[in-house]
Amino acid sequence: MAVVVGKPVLEQGQDGHDSELAKPAAEQSSENARVSLVKIGMMLSFNFTNGVLLASYMLLVLPMESERISAENRSSVLGSLMFIAGITQLINPIVGLVSDRWASTWGRRRPFILAGGMAGSVGILAQDFASSKQSPELYYVAYTVSMCALNTAYTAVVGIMADLIPASQSGTASGIAALLTLLGANAGFLFFNATHGSTPDRLHAMYMMYTWVVMVPVFITMLSCNEVPQRPAADLADLADSAQSSKDDELSKDDLVKEEDGMLSGKQCPRNSNSRFFTRSITYRDVLEAYYIDPREHADFSLVFWSRTLYYVGASVQTFFKFYLKDVLGIEDAEAAIVKTAVIGQIFAALTAIPTGLISDRVGKLRKPFIYFACVVLCAGNVANCLARKEDHVYVIAAILGSANGIYLAMDAALALDTLPNSDEAARFMGVWGIGCFLGSALGPVVGGPVLSLCGRSLEKPDAYNFSGYAILLGFAAFCFLASGAVLFYVGRKVAGPESPVSFMRSLNCRWVASTILKYGGADSEKKFYPSPKACA
């Protein structure tokens with residue numbers, strides 16, 4: 001199924017002239033026939049990689065590397081590694097912006113998927129080398145490169161979901177992405193459990209597995225996505241000039257040509273050397289705007305962003321759960337226990353992800369009630385973990401939490417796509433949405449490490465952290481999950497009342513920084529108009 005991806009371009013008419021503009025990707029995808037579940041799974045196969053890395057990488061490999069770097073300060077080392085994983089996601093909006101406007105014979109997503117996958121594999125191999133040589137400095141550098149590269153690939157994959165999958169199947173696609181993520185998490189845990197030998201040997205085996213898990217889905221995605229080649233802005237300018245010089249063109253076609261030249265928007269479209277690589281030139285203003293979404297103009301998307309942020313704050317606290325099993329429950333083989341816990345949770349999550357997406361699409365894009373239910377269960381589950389004193393109790397709670405997590409993940413991307421401000425710049429906006437994962441993933445470990453240290457060591461076990469520290473962290477996670485659902489209450493409401501979160505954000509004057517840098521002026525200043533996306537196509 002061929003779908004035009006990118007900004008509008010001039011298409012060749014039956015009479016041999018450039019007769020009309022192609023429709024944006026979102027419009028074409030909504031008009032095309034439904035995509036098969038297998039096809040969606042192949043296009044989104046990189047989510048399998050994402051699941052492997054989010055699970056075994058974050059919960060097993062990084063804690064092991066932290067203990068090897070510094071056993072006494074393992075919580076602080078782990079917190080720093082998780083912070084790097086989060087802060088590198090700041091490149092997502094820039095990658096999304098460039099991908100949205102990239103002109104390539106491969107389309108606008110696949111070049112970034114391939115480049116990110118290859119660079120990520122090289123970075124993982126460098127991590128393996130640094131780990132074997134016990135070089136913390138080299139490991140930090142290689143780890144940072146890996147995270148940047150893998151974030152690049154994932155940002156482009158999220159753009160594919162918005163470009164090539166009809167809006168009527170966004171819930172189903174989000175459910176399939178969640179299922180692939182959960183299957184990847186299970187695969188990573190099972191592989192780790194099957195490895196034997198010393199800690200360096202097990203780490204080496206994991207890094208080799210990660211390399212394959214990155215590259216194989218990349219090539220599956222490359223082969224399954226039928227993106228249409230994009231023409232750079234300079235070529236479109238030549239086509240527009242040619243169409244304008246034709247005396248036989250009708251008036252409506254002349255109007256389209258004028259729009260291509262930027263005349264209808266009141267300002268000439270900027271064209272520079274970059275136009276040979278982009279369908280629309282990228283300026284410093286575009287780069288700064290890529291990190292900002294006005295909560296007054298895009299209130300729903302802003303609320304979805306903050307909801308996602310709160311969810312990942314709660315989820316990132318689970319990074320310390322391995323220490324909790326060992327320090328509080330007294331489980332000697334904490335690695336095996338965390339694998340069992342995670343596998344149970346992922347299995348139950350997989351059972352709820354696809355049905356949730358299908359039901360949500362069938363009943364008319366109903367998302368919020370599912371998320372409300374999931375967040376309440378996630379909140380209660382973290383409180384229950386504070387009360388668990390037996391290993392079996394942890395496994396039961398993991399099954400309940402996994403079921404709720406599958407429901408949330410199935411609705412996460414679907415709700416973001418439903419509230420997307422501009423489908424023609426999907427990757428850029430979804431990159432901003434992805435920063436919510438950065439903020440949450442960074443805040444949890446950064447807060448968790450100092451909390452455990454401040455609460456001190458156990459009197460019975462000098463090498464174990466005190467229970468009070470873990471109780472604070474799990475209670476904090478419970479609050480964040482509950483708040484994640486509560487924030488979504490105002491999504492879909494047209495009028496922002498005085499009690500709404502949007503009004504609260506106005507009172508914080510969140511736009512001040514962007515207004516100062518971009519010189520937009522205050523909220524009451526006259527709005528400035530710039531060329532429309534079509535004008536700079």
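This briefing walks through two buried helices and some ring contacts in the structure above. The model is a predicted one. Helix H18 makes a handy thread to follow, since Phe429 in H18 pairs with a ring in helix H13, and H18 is also a packing partner of helix H5.

**Helices H5 and H18**
- Eight of the nine residues of H5 (residues 92-100) are buried, so the rest of the structure largely encloses this helix.
- Among the buried residues of H5 are Pro93, Val95, Leu97 and Val98.
- The buried residues of H5 pack against H6 (110-132), H7 (136-164), H12 (284-289) and H18 (426-454).
- H18 is largely enclosed too, because 22 of its 29 residues are buried.
- The length of H18 checks out: 29 residues at 1.5 Å a residue should span 42 Å, and the end C-alpha atoms are 43 Å apart, which agrees.
- Just after H18, Gly456 adopts a positive phi of about 80°.

**Aromatic pairs**
- The count of aromatic pairs comes to 14.
- One of them is the tilted pair of Tyr57 and Tyr143, with 6.2 Å centre to centre and 55° between the planes.
- Tyr57 sits in H3 (residues 46-69) and Tyr143 in H7, 86 residues apart.
- Tyr57 is buried at 2% relative accessible area, and Tyr143 is buried at 0%.
- Phe301 and Phe429 have ring centres 6.1 Å apart and planes at 80°, so this pair is edge-to-face.
- Phe301 lies in H13 (residues 299-316) and Phe429 in H18, so the pair ties together parts 128 residues apart in sequence.
- Tyr57, Tyr139, Tyr143, Tyr207 and Tyr210 make up one aromatic cluster.

**Charges over rings**
- The charged end of Arg308 sits over the ring of Trp433, 3.6 Å from its centre.
- Arg389 has its charged end over the ring of Phe467, 4.7 Å from the ring's centre.

Conventions. Residues numbered from 1 in each chain as written. Predicted model: local features only at pLDDT ≥ 70, side-chain atom pairs only at ≥ 80, totals over all residues. Heavy atoms only, no water. Buried < 20%, exposed > 50% of the residue type's maximum accessible area, 1.4 Å probe, protein only. Helix = DSSP H or I, 4+ residues; strand = E, 2+ residues; numbered from the N terminus. Contact = heavy atoms within 4.5 Å. Expected span 1.5 Å × (residues − 1). Phe/Tyr/Trp six-rings, centres within 6.5 Å; stacked < 30°, edge-to-face > 60°. Lys NZ or Arg CZ within 6 Å of the ring centre and 35° of its normal.
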